Structures are given as C-alpha cells and as structure tokens.
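Subject: Structure for your review

Dear colleague,

Please find below the structure that I am handing over to you. My notes on it come directly afterwards.

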Amino acid sequence: MNYTLDFTPVIEGMPALLMACLGTFGLALGGMALAIVIGVGGVVLRDSRIAPVRWLVKAFVEVIRNTPFLVQIFFIYFALPLAGVRLDPTPTAIIALGINGGAYAIEIIRGGVQSIGKGQIEAGLALGLHKAQVFRLIVLKPALRAIFPSLTSQFVLLTLTTSVASAISAYELTSVAQRIESDSFRSFEVYGTITLFYLVISWVMMRLFAAISTRYFSYPVK
C-alpha cells in the first residue's frame, strides 16, 4: 500500500479548525451550564413530597441514560418541529447536551447530597437558617466538593460528546473536519489532526476544572 501523507488540506483549513475548536468549547460550556441547572433542580424535585414529581424525575433519568445521545439529538432536531418547535443546530446541540448531561448529573449530585449527615441539616435549621440556605450552604456545597471529581469526568465526556452534534451540522470541530475531508479525501490526515485537537481540548477542560476545584473547594473539612 503506497499512501503518501499530505497535510496540505489540513494546513489550509487550520484557521477553520481552530475556530471550530471554539465552537466545540461553546457547545460544551453551554451544555454543562444547562446540565448543572437540570442536575441541581432534579435533585430537589426528586425529593419532593409530591409523588408524581418524583416519578417524573426518575423516568427522565432512566429514559435519557438508557437511550443513545444520537437518538436524543435527532429527536429534538427532527421530531420536535412536527410539534411546531424549530431550533437551529447549535441551540439544539446545547439543549441535547444539557439534557443528556443533566440526567447523569442528577444521579451524581444526589449521591453527594445523600452523603451529608442529617445532623448537619438539623443543626443548620436550629441556627435559624432557611431551608434554601441550609440546602445551599450546608448540603449542596459540601456535596459538590465530594462529587466534583466524578462531575469533572462526566463533563469531560460531555465535551467529547459534542462531536455527535456534527450529525445535525452544528458548528463544532468534527463538523468542520468532515467538510475538509469531503473536499480533500485526506481522511487519515484530517481525523488524525482533530484527534490531537480533542486531546488538547480535554486537557484544557481538566485544567479548568482543577482550577475551579482549587478556587472553590480547597478548604479544610474540619
């Protein structure tokens, strides 16, 4: 097999690939922000005294965790317009990533919340704190510290999952790489290059989360 490497199309397309990296970061950060909101909100609702609300949250988690992300993003992009809801590819990708990540975040955060002793909650209430203050200061923050490594791993995985958004032509790295490859037919060079890009993106995300951990969760336990 005589295959000659030619990175000329990759070099010529490098500005587009670098801009697409920013698109990938944008999708990832938007999806993470939505996932955190869904995760925290889902934990609160899962402990609701209203049984149907608890069942809905449990059903949501099971449906999302047991169906492929590609099917979920196709449903939002292609099926919802039949109900009159039309979204562009990028908002669709962010919503799909947020919903998918949120289902996993609910279970991760719930595990951290359950690790907080009831005595600490009762002590907070005895000090005159409102339930919202108890949840935010005594339950949620220590819980986030406990589960932050797991949450970090999940969000790095969510960052890599942005590549699936290329299926609906959302603006991100894999989508741009596919266009370059279809014009040049240099599959090895194009996908080998974006593999390195994804490694760098993952490393940057891990460094970002490490900085957040140092800034907000590096305090003595006792």
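The notes below go through helices, salt bridges, single residues and the surface in turn.

Please keep in mind throughout that this is a predicted model.

Helices and the annotated regions

I begin with helix α3, which covers residues 51-65. Its 15 residues reach 21 Å from the first C-alpha to the last, close to the 21 Å expected at 1.5 Å a residue. Within α3, the residues A51, V57, V61 and I64 are buried. The buried residues of this helix pack against α2, α4 (69-79) and α5.

Helix α9 occupies residues 187-216. Its 30 residues should span 44 Å at 1.5 Å a residue, and its end C-alpha atoms are 43 Å apart, so the two values agree. The buried residues of α9 are E189, V190, T193, I194, F197, Y198, I201, S202, M205 and F209. Among the elements that cover them are α1, α2, α7 and α8.

The UniProt record, an unreviewed entry, carries the annotation "transmembrane region" for residues 16-45, 66-85, 146-170 and 190-212. I looked at two of these stretches in the model. Over residues 190-212 the chain is 100% helix and 0% strand, with 33 Å between the end C-alpha atoms. Over residues 146-170 the chain is 64% helix and 0% strand, and there the end C-alpha atoms lie 34 Å apart.

Salt bridges

Side chains of opposite charge can pair when their charged atoms come close. The count of salt bridges in this model comes to four.

One of them joins the side chains of R46 and E107, with 3.8 Å from N to O. This pair links distant parts of the chain, since R46 belongs to helix α2 (residues 14-46) and E107 to helix α5, 61 residues apart. R46 is buried, because its relative accessible area of 17% falls under the 20% limit. E107 has a relative accessible area of 23% and is partly exposed.

E107 also forms a salt bridge with R110, where the closest N and O atoms are 3.1 Å apart. R110 and E107 are separated by about one helical turn, because they stand three residues apart in helix α5. R110 counts as buried, at 18% relative accessibility. Salt bridges that share partners join R46, R65, E107 and R110 into one network.

A further salt bridge is formed by the side chains of R186 and E189, at 2.9 Å from N to O. Both R186 and E189 are buried.

A buried asparagine in α5

Helix α5 runs over residues 89-114 and contains N100. Is N100 buried or exposed? N100 is buried, because its relative accessible area is 9%, under the 20% limit. Leaving aside neighbours within four places in sequence, N100 is in contact with I64, F69, Q72 and L158. Of these contacts, I64 is also listed among the buried residues of α3.

Two residues with positive phi

Most residues other than glycine have a negative phi. Two residues deserve a look in this respect.

S169 is not a glycine, yet its phi is positive, at about 65°. S169 sits in the loop between α7 (131-161) and α8 (173-184). With a relative accessibility of 53%, S169 counts as exposed. The annotated stretch 146-170 includes this position.

F185 likewise has a positive phi, of about 60°, although it is not a glycine. F185 lies in the loop between α8 and α9. Its relative accessible area is 65%, and F185 is therefore exposed, the limit for that class being over 50%.

A nonpolar patch on the surface

Which residues form a nonpolar patch on the surface? They are Y3, L5, F7, I11 and F188, and together they have about 540 Å² of accessible area. Of these, I11 is found in helix α1 (residues 8-12). I11 counts as exposed, at 60% relative accessibility.

With kind regards

Key
Residues are numbered from 1 along each chain as its sequence is written. This is a predicted model: local features need pLDDT of at least 70, side-chain atom pairs count only at pLDDT 80 or more; totals for chains, interfaces and linings use all residues. Side-chain values use heavy atoms; hydrogens and water are left out. Helices (H or I, at least four residues) and strands (E, at least two) are DSSP runs, numbered from the N terminus. Buried means under 20% relative accessible area, exposed over 50%, partly exposed in between (1.4 Å probe, protein chains only). Contact means heavy atoms within 4.5 Å. UniProt positions are given in the numbering used here, feature names are shortened, and annotations may be inferred rather than shown by experiment. The expected span of a helix is 1.5 Å times one less than its number of residues. Patches are made of residues with over 30% relative accessible area and no salt bridge: like charges are joined within 9 Å, nonpolar side chains (Val, Leu, Ile, Met, Phe, Trp, Tyr) within 5 Å. Accessible areas come from the Shrake-Rupley method with a 1.4 Å probe; for residues, only the protein chains shown count as cover.
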